[in-house]
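Biologist: Hello! I am new to this one, so could you walk me through its cavities and its salt bridges?

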Amino acid sequence: MTYVSPSLSNSMAASIADLSAAKPMPMQRRASVLGLSACFCLGMSNLFTHVSVTSLAILEAGASPQLALVPLGAAKLTSTFAAPFLARHQTKAGFACGALAGLVGNVLCLVGMYSGFGPQGSTASAFGCVVSASIFFGISDVYIQFTRLVAASVTDPEHKASAISYTIAGGSFAALLGPETVKHTAMAVPGVPYAGAYIGLIVLFVIYAGVVAVTDFSPYEPVEGPCDVDANSEGVAGTAAAASSQTVRRSQEVIQEKEEEEEHALDSVVPPRPFLTIITQPRFMLAVGLSVVSFVSMVGLMAVTPVIMRSEGATL
């Protein structure tokens, strides 16, 4: 195996990084990332709308205030238990199932609105439909959160950060799309409050399913063989370009071989740690604790604020 000194290795790595940074993301991969960004936008719009509308709908249907946040809790509890299993299915088929779960959830909520606010309104029926819908929302929410991970897997390593950034940017648009959907559709159906909001979400999930259908979810795979060279290159320029491409590729191979050798040596010294050892480490516990506090604060504010605003006389 060829040995490369650390200084030379670092120099080659820096040069390769500079060349890679200047290379734009391939068009096919860019299309995949943009499709996943649209999925994240549409999915997060459902989450924002679900948080804003469901608690109010439960209260106005006659349920006790203590039950207003049960649907949201049911959705998050479902997500917690479903995520480890669904993590094995981060594919187009898996995301299609997530879209179907979102559609079913919104249809159940729509049925609940008609059951609770119809001529023979039943609070228990409306509450049961919404809680059942939350289970499906929990499944769809898992895939919505997985979107960022898939975006990182469909592009080359040099563009993973950009892919994640583009995907999260879609969530920023969801902060506008979700509330605006609620504002213009919540009271669109006469005599059945909030039914229009769920109809709007059904439309968004149909679009979500369409985007999933046309998006390429295949993971990125390095191209074997020498780097592509323009077929029209002639003379000295073409030869120099080919030689440069082969040099860069050989440098990458040498560095990769060295890294694999070091990783193999490290693995032979440090055995894999048991899962229990990892989760009992203070750093892990601190990270989980901060995540719990941050997420509870965010969701608590999002869920409680509409209820308080409604009690003070404000409207959507």
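Modeller: Gladly. A cavity here is a set of grid points where a 1.4 Å probe fits but cannot get out, and its volume is the space filled by probe spheres set on those points. Please keep in mind that this is a predicted model.

Biologist: How many cavities of 30 Å³ or more does the structure hold, and what volume has the largest?

Modeller: The structure holds two cavities of 30 Å³ or more. The second largest has a volume of about 40 Å³. For the largest cavity, the volume is about 80 Å³.

Biologist: Which elements give two or more residues to the lining of the largest cavity?

Modeller: Its lining residues are Gly43, Asn46, Leu47, His50, Leu72, Ala75, Lys76, Phe137, Ser140, Asp141 and Ile144. By character they divide into five nonpolar, four polar and two charged. The elements that give two or more residues to the lining of this largest cavity are α2 (27-60), α3 (70-86) and α5 (123-153).

Biologist: And which element gives the most to the lining of the second largest cavity?

Modeller: That cavity is lined by His50, Val51, Thr54, Ser55, Ala68, Pro71, Leu72 and Ala303. Two elements, α2 and α3, give two or more residues to this lining. With four residues, the one that gives the most is α2.

Biologist: How do the residues of that second lining divide into nonpolar, polar and charged?

Modeller: Pro71 and Ala303 are among the lining residues, and Pro and Ala both count as nonpolar. The whole lining of the second largest cavity divides into five nonpolar, three polar and no charged.

Biologist: Now the salt bridges: is the lysine 76 that pairs with aspartate 141 buried or exposed?

Modeller: A search of the whole structure finds two salt bridges. In one of them the side chains of aspartate 141 and lysine 76 meet, at 2.9 Å from N to O. This pair links distant parts of the chain, 65 residues apart, with aspartate 141 in helix α5 and lysine 76 in helix α3. Buried means under 20% relative accessible area, so lysine 76, at 19%, counts as buried.

Biologist: What separates lysine 183 and glutamate 180 along their helix?

Modeller: Lysine 183 forms a salt bridge with glutamate 180, and their closest N and O atoms are 3.2 Å apart. Lysine 183 is partly exposed at 45% relative accessibility, and glutamate 180 is partly exposed at 29%. Because they are three residues apart in helix α6 (residues 160-185), what separates them is about one helical turn.

Terms used
Residues are numbered from 1 along each chain as its sequence is written. This is a predicted model: local features need pLDDT of at least 70, side-chain atom pairs count only at pLDDT 80 or more; totals for chains, interfaces and linings use all residues. Side-chain values use heavy atoms; hydrogens and water are left out. On a 1 Å grid over the protein atoms alone, a cavity is a set of points where a 1.4 Å probe fits but cannot get out, and a pocket is an open set with protein on both sides within 12 Å along at least five of seven lines; lining residues have an atom within 4 Å of a point. A salt bridge is a side-chain nitrogen of Lys or Arg within 4 Å of a carboxyl oxygen of Asp or Glu. Buried means under 20% relative accessible area, exposed over 50%, partly exposed in between (1.4 Å probe, protein chains only).
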